[in-house]
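Colleague: I am new to this structure and should be grateful for a close look at a single part of it. Please choose one element, and describe it together with its surroundings.

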Amino acid sequence: MNWTFPLTIVGAGVLRLLSDFGRFSRFVGESGRSLADLRTWPGLTIMQMRKLGVNSLPIALFLSAFTGIVLALQASYTFTGAIPMYFVGALVGKTMILELGPVLTGLALSGRIGANIAAELGTMRVSEQIDALETMAYNPVSYLVVPRVLAGTLMVPVIVIFANVIGIICGWFTALQMLEMSTSQFIRGLRLFYDPFDITYSVLKSCSFGFVITIVGCYQGFNTQGGAEGVGVATTRAVVIASVLILVLDAFWAATLLQQ
Amino acid sequence: MSIQLTGIHKGFGPKQILRGLDLNVEEGETVSLVGFSGAGKSVTLKHIAGLLMPDRGTVVVDGKEVPKLSRNDLYRMRLDMGYVFQFAALFDSMTIGDNVAMGLRQKGGMSEKEIQDRIAESLDRVGLEGFQKRLPSELSGGQRKRAGLARAIAYRPKYLLYDEPTSGLDPVTTEVIDRLIIRMKEDLGVTSLVITHDMKSAYAISDRIAMLFEGRVVEVGTPDEIKRTENRIVRGFVEGRPEMIEEAEAKAAAAGGTDPPTQLGRPDLAQQADGHHAGRAPQRRDA
């Protein structure tokens with residue numbers, strides 16, 4: 001084997017990565033420019049907000065309800081004897097708002113919304129529906145991408161707020177029913193470390209997750225090649241890449257906004 | 001109002017699809033483009049609509065060079081163009097009525113009543129009366145194809161590009177579509193380029209027929225000229241005789257690998273082609 005072989009492999013990988021990144025950046029830029037096409041996207045955005053946002057609420061609330069219950073139980077298990085029980089409220093509230101509400105909802109929605117968008121647009125690409133839009137003088141980016149990305153960026157934070165509230169309510173209910181805590185104890189804990197910035201942080205983080213989930217789904221859908229197999233590949237990629245980016249962004253926001 | 005394709009080269013990765021394609025469609029004319037599957041007929045059509053840009057060569061529609069148009073000018077040009085897709089490309093989430101209305105709404109200048117009337121008229125023309133509320137998934141393949149045709153003609157384009165409008169249709173529906181293509185030309189003076197494999201249709205609807213082979217147009221002529229052609233590749237294709245094509249390819253290869261279609265076809269086309277084809281061995285048809 002030639003000694004340059006590993007270098008060739010690494011080089012090809014780096015080139016592919018850079019080229020993918022370049023294409024993705026161009027796609028994001030094109031989406032930004034298409035915001036100027038005000039005739040096309042506003043009405044469609046409302047429709048997508050209902051489709052991507054409202055219809056995603058049940059799964060997000062289901063997830064956060066059980067997260068709230070488990071958080072309360074685990075907190076009580078950890079604190080027993082050492083830390084006052086009202087800290088259960090603090091842990092449930094802080095963890096739901098700062099971390100688990102946005103991240104778990106984001107990961108769940110990358111499966112629901114991201115996969116849905118990639119499969120839908122991918123099918124439209126391989127069945128020439130996107131070309132058909134073009135031939136009728138519609139800009140497919142302002143018709144398909146902008147409404148979905150805006151709807152995702154605006155609706156994911158709303159879903160996360162609902163998820164946070166339901167998670168905390170379920171944590172409180174668990175504390176009441178299973179941990180023999182009182183409401184005042186739980187609320188005392190909840191208020192102990194509460195900072196209004198936590199809500200801003202949660203919303204900001206969720207906006208970025210909503211953006212990433214939808215733009216990655218749209219990009220993968222738009223670049224689908226081949227038939228059904230290509231749609232499957234695009235859908236899987238959309239979910240995997242969005243999930244990874246959510247975790248990277250999570251760390252990024254923590255490092256930039258939570259440093260004292 | 002004409003379409004001119006000059007020296008179009010187009011490749012996808014290592015695969016070269018078009019190799020110096022030249023074709024003119026004059027105003028009000030219907031030209032059928034025939035050729036083997038995978039020869040690049042749909043790719044040619046997409047160049048005219050600006051969905052694909054050539055690697056070399058140029059496309060001129062209505063005196064405007066398509067690859068050089070700004071996005072707004074390209075969209076303006078497309079509103080004068082109807083495109084019938086091979087597999088209809090209907091929007092799954094919309095009713096047939098909404099599908100047909102898409103181009104009308106984008107073009108603007110019509111009231112909702114006028115739009116509804118035009119939808120009904122277009123569906124009527126293709127034999128789909130009362131299909132406005134149906135979804136594409138509720139239609140058969142042939143009906144979907146006709147709905148796609150209704151969508152393309154609804155906004156009265158000056159140009160119509162048909163990608164196999166009759167493939168997979170029964171003989172009666174094929175005849176209906178053929179008559180519609182002829183009527184679009186006679187009533188509205190539409191300039192059309194039709195991709196088809198169906199030679200009976202091609203003879204019926206075309207003013208001229210062009211044969212695409214190995215990335216270039218190797219023969220253009222009226223239906224009568226095509227029927228009487230001496231080009232054995234074209235003749236083999238239109239008469240469905242593969243042995244004639246194989247024989248022509250073998251002869252060309254024995255003569256030194258000169259490109260068989262241009263050698264056997266029209267000498268004027270051989271002169272138009274840029275010299276880099278000379279000496280190239282015959283390509284596989286499915287390349």
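Helix H1 of chain B and its two sheets

Modeller: H1(B) lies across S1, S2 and S4 of chain B, and its direction is at about 120° to S1(B). The model is a predicted one, in which local features need pLDDT of at least 70 and side-chain atom pairs count only at pLDDT 80 or more, whereas totals for chains, interfaces and linings use all residues. Residues are numbered from 1 along each chain as its sequence is written, while chains are lettered from A and ligands numbered from 1 in the order in which they are written.

Some terms should be fixed before the description continues. Helices (H or I, at least four residues) and strands (E, at least two) are DSSP runs, numbered from the N terminus. The angles run from 0 to 180 degrees between N-to-C directions, and the axes behind them are lines fitted to C-alpha atoms, for helices over the stretch in contact. Two residues are in contact if their C-beta atoms, placed from the backbone, lie within 7 Å. Strands pair if DSSP finds at least two bridges between them.

The strands just named belong to an open sheet of four strands in chain B, with the order S2-S1-S4-S5 and antiparallel pairing. S2 and strand S5 (64-65) of chain B each have a single partner strand, so one side of each is left without a neighbour in the sheet. Strand S1 (residues 3-12) and strand S2 (residues 15-25) of chain B are joined antiparallel by eight bridges. Ile3(B) has Val25(B) of S2(B) as its bridge partner, and Phe12(B) stands opposite Lys15(B) in S2(B). The hairpin of S1(B) and S2(B) has two residues between the strands, and there Gly13(B) takes a positive phi near 65°. With strand S4 (residues 56-61) of chain B, S1(B) shares five bridges, again in the antiparallel sense, and Gln4(B) stands opposite Val60(B) in S4(B). S4(B) in turn runs antiparallel to S5(B), with two bridges between them; Val61(B) faces Lys64(B) of S5(B) there.

The helix also meets a second sheet. Helix H1 (residues 41-48) of chain B lies across strand S3 (30-35), S7, S8 and strand S9 (208-213) of chain B, at about 155° to S8(B). These strands are part of an open sheet of six strands in chain B, ordered S6-S7-S8-S3-S9-S10, with mixed pairing. Its edge strands are S6 and strand S10 (216-221) of chain B, each of which pairs on one side only. Neighbouring strands of this sheet are turned by 15° against each other on average, direction ignored. Strand S7 (residues 159-163) and strand S8 (residues 191-195) of chain B run parallel and are joined by five bridges; within S8(B), Val194(B) stands opposite Tyr162(B). Another helix, H6 (residues 171-188) of chain B, lies across S3, S7 and S8 of chain B and runs at about 160° to S8(B).

Which residues touch the most other members of the largest nonpolar core? They are Val88(A) and Leu161(B), in a core of 144 residues. A nonpolar core is a set of buried Ala, Val, Leu, Ile, Met, Phe, Trp, Tyr and Cys residues joined through C-beta atoms within 7 Å. A residue is buried if 20 or more other C-beta atoms lie within 10 Å of its own, exposed if 12 or fewer, and partly exposed in between, with C-beta atoms placed from the backbone. Beyond its neighbours within four places in sequence, Leu161(B) is in contact with Leu45(B), Ile48(B), Ala49(B), Met81(B), Tyr83(B), Val84(B) and Leu193(B). In soluble globular proteins, nonpolar side chains tend to be buried together.

For the wider setting, chain B has 12 helices and 10 strands, and buried residues make up 45% of its 287 residues. Among its contacts between residues at least 6 apart in sequence, 63% join residues at least 24 apart. Chain B also touches chain A: the contact takes 14 residues from chain B and 10 residues from chain A. Helix H2 (71-78), strand S6 (81-84) and helix H3 (96-107) of chain B each give two or more residues to the chain B side, and H3(B) gives the most, with three residues.
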